[in-house]
Amino acid sequence: MNTTERHKQEKHPLDVLEDVHEYAQEGLSFEEIEARAGDGEWERLKWAGMYAQKQEGYFMIRTKVPGGYLTPEQAEVIGQAATDFAVAPGAYGGAEQNELWGDAYLDITTRQDIQKHWIRIEDVPELWNRYDEVGLTTVQGCGDSARNVLGCPAAGLDGHECFDAQPVVDAVSDFFTENREYANLPRKFKLTITGCAHDCAQSQINDVGLVPARKTQADEVTYGFHARVGGGLSDGPRMASELDVFVPPADAVEFVRAVAQTFKELGDRYNRGLCRMRYLVEQLGPEKFEEAVRDRCTVDLPGSGEGLTVGYQGDHVGVHDQKQDGLKYVGFNVVTGRMGGDEFAAAARAAKRYGTDDASVRLATDQNLLITHVPEARVDDLLAEPFAQEYSPDPGPFSRGAVGCTGNEFCKYAIIETKQRTKRWARELDERIDVPDDVEVIRMHMSGCSASCAQPQIADIGFRGETVKLDSDGDGAEHGSATRSSGQSPGDGDALVEGMDVGLGGSLGTDNEFLDWIETAVPADSVVPALESLFDAYSDDRSEGERFYEWTRRLENDRLREIARRADAPIAGGVAHGD
């Protein structure tokens, strides 16, 4: 049994919720918490939605938002909590600690969560009290349990929707939250449920994905779900497998429970590197995995019907018609998902001011933000709000598709800084590159390490953080190829710099495919010029209507490398692989 699993067996992870109140009341330091509860407490605190930051004494806390749906009241509480609690101490720069965002900000994640940094243990009970009043929670925002349940951020609104699955999202989330029987799984358990035909909830890269379907029997048509299992990214990425089941909405909770039971009983608790559910599906095969689920399910599951998924939309940026006559929803572009707590609260107040009584704030998997139920006559007033100027619903294509993980600013695992770099690069590329007029979005995702929190494998352009060793000649000029660094000290005349692996050609949907990592350990300063070179070639060479990821798949990787290395940069390439 691995160390993490042993810590989970020593004490039920949900017991840590009471511990937090105790630690907060006594104002314990990190050293005192570990002295009292052992080093396993850092793992168990994840079940409270809390990760210890790399800056000792402070936590990142994650708020779950099932389906990305927030009432304006909930959104305002989240924004105000960031303003009040996500405050850096003077020792770490205070209000000047981040060049682009200052202080008291929050992050929208690729799992429709909200993350706040610089949280002190003594402030957590008050934050929880505020959350309780409006029906929010951080419980199981992290840890080896069912995570936030994804859904279409335009559920109940969009014409592409077959049916509104938000009630099912809520029911599944409610079943697993604080459920002690299913709170200690072999690893994290990621779920997505949607009634949208465009699968913006990303069923293909989740442990369980329920997507819309219909079943016709005796001339009676029933709408429900088809099931996909075993998808995921990080190391060993895998697209989900289809099961031969049709799941009525009323049976969705029981079906997902049966999948969790299968994972709980058969998942590998000894090797954390191989105990994600995708490895179990791969090991058993989809047919035997389905049989194991059926054996554990208390309802009969008919065979699959007619799938209704037609593609992958990916974002909801812009002003869109709702199903409801005369109403619009507006998708704001929040590059890398980061915005000030005061700005998030302002968006919540704007939803109340300009929307109907049904107005909501929605979070999307591309780290963007929606405001719904806005009468057409009020849209211009909404777009005139100060926050809307920074988070425009009409961005350039690189800004629109930019996704960034937390990066080494706070994360112990990240190798490079991501948030500021992604935002700067996106805006620089929007200014420097003229993409074809029919290209609305270029998905550019940057992860600070191999954990894939920014989902680089499904992007047009994906980045994965590395440290790069640069060689220097006698006069100090940089030259040669960059290589991966294992943390060793550079030799005389060498320098370690931030860099990244670069991949091209990822997408989800009917033409789903993970990108190819065409260059490894490229110095960060080389990337933007290399992208300019690639997009010059794309604009000259593309077929009519050909999207960037399609173009990169049409060319051989050697040819793509050759184009990228034409760039005028210190080093425009590294050690290549991926063919």
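**Exercise 1.** In this predicted model, state how arginine 561 and aspartate 558 meet, and which of the two is buried and which exposed.

*Solution.* Step 1: the two side chains form a salt bridge, with N and O 2.6 Å apart. Step 2: both residues belong to helix α18, and because they are three residues apart, about one helical turn separates them. Step 3: arginine 561 has a relative accessible area of 5%, so arginine 561 is buried. Step 4: aspartate 558 reaches 52% relative accessibility and therefore counts as exposed.

**Exercise 2.** Describe the packing of helix α18 against helix α16 and classify the angle.

*Solution.* Step 1: α16 (residues 527–541) and α18 (residues 557–564) have axes 8 Å apart, at an angle of about 120 degrees. Step 2: the class roughly perpendicular covers 65 to 115 degrees and roughly antiparallel begins over 145, so α16 is oblique to α18. Step 3: α16 contributes Ala530, Ser533, Leu534 and Ala537 to the contact, and α18 contributes Leu560, Ile563 and Ala564. Step 4: of these residues, six are nonpolar, one is polar and none is charged.

**Exercise 3.** Locate the salt bridge of aspartate 107 with arginine 338 in the fold and in the sequence.

*Solution.* Step 1: the closest N and O atoms of aspartate 107 and arginine 338 are 2.7 Å apart. Step 2: aspartate 107 lies in strand β4 (residues 105–108) and arginine 338 in strand β13 (residues 338–340), so the pair ties together parts 231 residues apart in sequence. Step 3: both aspartate 107 and arginine 338 are buried.

Note on methods: Residues numbered from 1 in each chain as written. Predicted model: local features only at pLDDT ≥ 70, side-chain atom pairs only at ≥ 80, totals over all residues. Heavy atoms only, no water. Axes fitted to C-alpha atoms, helices over the stretch in contact; angles between N-to-C directions. Helix = DSSP H or I, 4+ residues; strand = E, 2+ residues; numbered from the N terminus. Parallel < 35°, antiparallel > 145°, perpendicular 65-115°, else oblique. Contact = heavy atoms within 4.5 Å. Nonpolar A, V, L, I, M, F, W, Y, C, P; charged D, E, K, R; others polar. Salt bridge = Lys/Arg side-chain N within 4 Å of Asp/Glu carboxyl O. Buried < 20%, exposed > 50% of the residue type's maximum accessible area, 1.4 Å probe, protein only.
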